[in-house]
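Hi,

Here is the structure I promised to pass on. Have a look at it first, and then read my notes underneath.

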Amino acid sequence: MVDVSDAESPPDFDPVEPNAGEEFDPVDVFPDSTEFDLRPGSDSCYKCSTCDTNCPVAEVDDDFPGPKFQGPEQWRLKQNEDDYRVDDSVMDCSNCMRCDNACPSGVPLSQMHNTARGEYVAEEMSKTSVEYWRNRVLANYRTSAWLASKVPSVANFAMNFGPARWLMEKTMGITAEYEFPGFAAETFRDWWAREGAAAGSRERAREARERRGEDVDADKRVAYFHGCYSNYNTPEVGKAMVRVFEQFGYEVVVPEQGCSGTPMFANGMLPDARRHAEVNVSSMSDLVDQGYDAIASCTSCSMALRQEYPELFDIEGIEDVAAHTFESVEYLRIHEDLRGEIAEADVDGDLAAEFAYHAPCHARNQGLERQSVELFRDLDGVGIEDVGDSCSGISGTYGWKEEKHEKSMEIGEEMFEHMEAAEGTTGMTECPTCAMQMEHGTGYEIRHPLELLEAALVD
Ligand code: SF4
Ligand code: SF4
């Protein structure tokens with residue numbers, strides 16, 4: 001049972017509308033089996049190569065055979081050769097998932113890649129290799145971040161200490177090019193506990209509903225999936241999420257949670273991802289049963305809960321959680337007159353800026369690539385420009401790998417150029433690692449849309 005013990009028992013409620021009527025329909029590529037068997041999915045491919053021409057890695061890496069090979073072709077080979085081994089090039093896919101979006105035939109490419117990568121790591125990759133342990137460390141960022149959060153100032157110094165970074169690059173293959181993200185002096189969860197957690201939120205939400213002239217007993221409740229980065233590195237994003245939702249009269253709970261699994265999928269660490277998914281699904285499905293919807297501020301986290309979990313794991317409650325998971329601004333767009341309130345608002349101070357907005361690939365996969373630009377173009381005091389549909393290139397852990405960093409920057413080049421051509425020198429995106437790449441490539445400060453919503457709408 002989820003611990004929301006600091007809240008009173010939730011009131012009786014009617015079931016919450018699942019969403020705007022567009023129910024998520026996960027791809028079922030292994031319908032009769034819990035074994036990984038992707039052969040049925042490969043039959044839908046008619047070899048048009050659209051996925052290959054949309055793959056950012058294939059564009060910069062001549063040795064990467066592209067998504068068509070990684071997906072349907074490889075699984076056809078598997079079908080025909082009993083002793084076929086997954087090709088090691090599957091480790092070069094960054095899991096940006098752009099091929100999913102590009103395929104006109106609905107071939108479940110990223111599901112195939114994730115499954116093949118999991119099989120490659122489990123069966124082919126040496127568990128004593130430096131690459132395996134480097135990938136494991138990168139994929140389990142939550143563990144390092146948890147440790148660092150105990151002594152944030154020491155960690156911040158050590159992780160950006162030149163000789164230490166040089167050593168990490170030479171021995172582990174973690175690039176020294178990026179500045180290591182700073183750890184917050186206080187995590188989001190510690191701040192949340194100080195704010196009275198669920199009980200405090202309930203009170204503030206009721207006051208907001210009263211102020212807004214709404215039914216004070218209205219059933220407006222969300223469970224926040226903050227992910228690792230908002231908890232350990234950018235708690236200001238989590239705080240903005242809470243304040244904005246409470247302003248609209250929503251009671252927020254912050255259940256027990258692990259990593260979304262996104263960096264684990266990208267590195268073929270499926271048992272690690274499953275362990276975290278079990279915690280997340282268990283927490284969230286309990287709350288979904290009680291009438292809550294799950295809200296994420298990171299588009300890769302919402303993508304994992306909505307699509308990758310049901311595609312890869314068979315865990316009780318997983319379909320319900322997927323159907324009740326939303327990206328935070330998307331949720332407000334569906335349930336509130338967000339555009340109307342934005343049109344009445346204005347912003348001053350340091351967020352009164354011209355923003356160069358980048359839509360993360362995982363936001364595109366959820367159909368969210370235009371929402372920030374469409375929302376904020378009506379907001380007084382700010383300007384916002386979409387910098388195009390290219391990939392930022394970092395794809396979570398991909399750009400952190402020493403042997404891939406240069407390719408990652410090459411992929412990001414178009415985005416950097418468009419950012420520099422846009423008005424202003426502040427960037428905006430929903431994804432924390434895209435933000436890292438944007439900052440690294442341009443030197444701009446990068447903000448999250450929730451921070452701008454907070455500045456515009458919260459009293
Ligand atoms: S997920 Fe991205 S990098 Fe991987 S094959 Fe598809 S488009 Fe290419
Ligand atoms: S885009 Fe789809 S149908 Fe075309 S080659 Fe790629 S997987 Fe096959």
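Below is what I found, going from the sheets to the cores and then to the helices.

One thing to keep in mind: this is a predicted model.

Let's start with the sheet made of E2, E1, E3 and E4. The four strands run in the order E2-E1-E3-E4, the sheet is open, and the pairing is parallel. Its edges are strand E2 (251-253) and E4, each of which pairs on one side only. On average, neighbouring strands here are turned by 35° against each other, direction ignored.

Strand E3 (residues 293-296) is a good place to zoom in. Both of its faces are covered: Asp293 and Ile295 are buried on one side, and Ala294 and Ala296 are buried on the other. E3 pairs in the parallel sense with strand E1 (residues 221-225) over 4 bridges, and with strand E4 (residues 325-327) over 3 bridges. If you want to follow this residue by residue, try isoleucine 295. Tyrosine 224 stands opposite isoleucine 295, while in E4 the bridge partner of isoleucine 295 is phenylalanine 326. For alanine 296, the partner in E4 is glutamate 327.

There is also an open sheet of 4 strands in the order E6-E5-E7-E8, again with parallel pairing. Which strands stand at its edges? They are E6 (383-386) and E8 (445-447); each has a single partner strand, so one side of each is left without a neighbour in the sheet. From one strand to the next, the twist averages 35°. Strand E7 (residues 426-428) pairs with E8 in the parallel sense over 3 bridges, and threonine 426 stands opposite glutamate 445 in E8.

Now for the cores. In soluble globular proteins, nonpolar side chains tend to be buried together. In this model the largest nonpolar core has 98 residues, and the ones with the most contacts inside it are Ala223, Tyr224, Ala294, Ile295 and Leu305. Which helix gives the most to this core? That is helix H16 (residues 270-289), with 7 residues. A second core, separate from this one, has 22 residues, including Val57, Ala58, Val90 and Met97.

Leucine 305 is worth clicking on. Leaving out residues up to four places away in sequence, leucine 305 touches Phe225, Ser260, Asn280, Ala294, Ala296, Val321, Ala322 and Thr325.

On to the helices. Helix H6 (residues 109-123) packs with helix H17 (residues 299-312) at an angle of about 55°, and their axes are 10 Å apart. That angle makes H6 oblique to H17. The crossing of the two, H6 and H17, is right-handed. Where they meet, you will find Gln111, Asn114 and Thr115 on the H6 side and Glu308, Glu311 and Leu312 on the H17 side.

Finally, take a look at helix H25 (residues 449-457). Of its 9 residues, 7 are buried, so H25 is largely enclosed by the rest of the structure. The buried ones are Pro449, Leu450, Leu452, Leu453, Glu454, Ala455 and Ala456. What do they pack against? Their neighbours are helix H14 (235-247), helix H19 (328-335), helix H20 (338-344) and helix H22 (371-376), along with strands E7 and E8. That brings you back to the sheet with the order E6-E5-E7-E8.

Cheers

Definitions and conventions
Residues numbered from 1 in each chain as written. Chains lettered and ligands numbered in written order. Predicted model: local features only at pLDDT ≥ 70, side-chain atom pairs only at ≥ 80, totals over all residues. Pairing = 2+ DSSP bridges. Axes fitted to C-alpha atoms, helices over the stretch in contact; angles between N-to-C directions. Core = buried A, V, L, I, M, F, W, Y, C linked by C-beta atoms within 7 Å. Buried ≥ 20, exposed ≤ 12 C-beta atoms within 10 Å, placed from the backbone. Contact = placed C-beta atoms within 7 Å. Parallel < 35°, antiparallel > 145°, perpendicular 65-115°, else oblique. Left-handed = near helix turned anticlockwise from the far one by under 90°.
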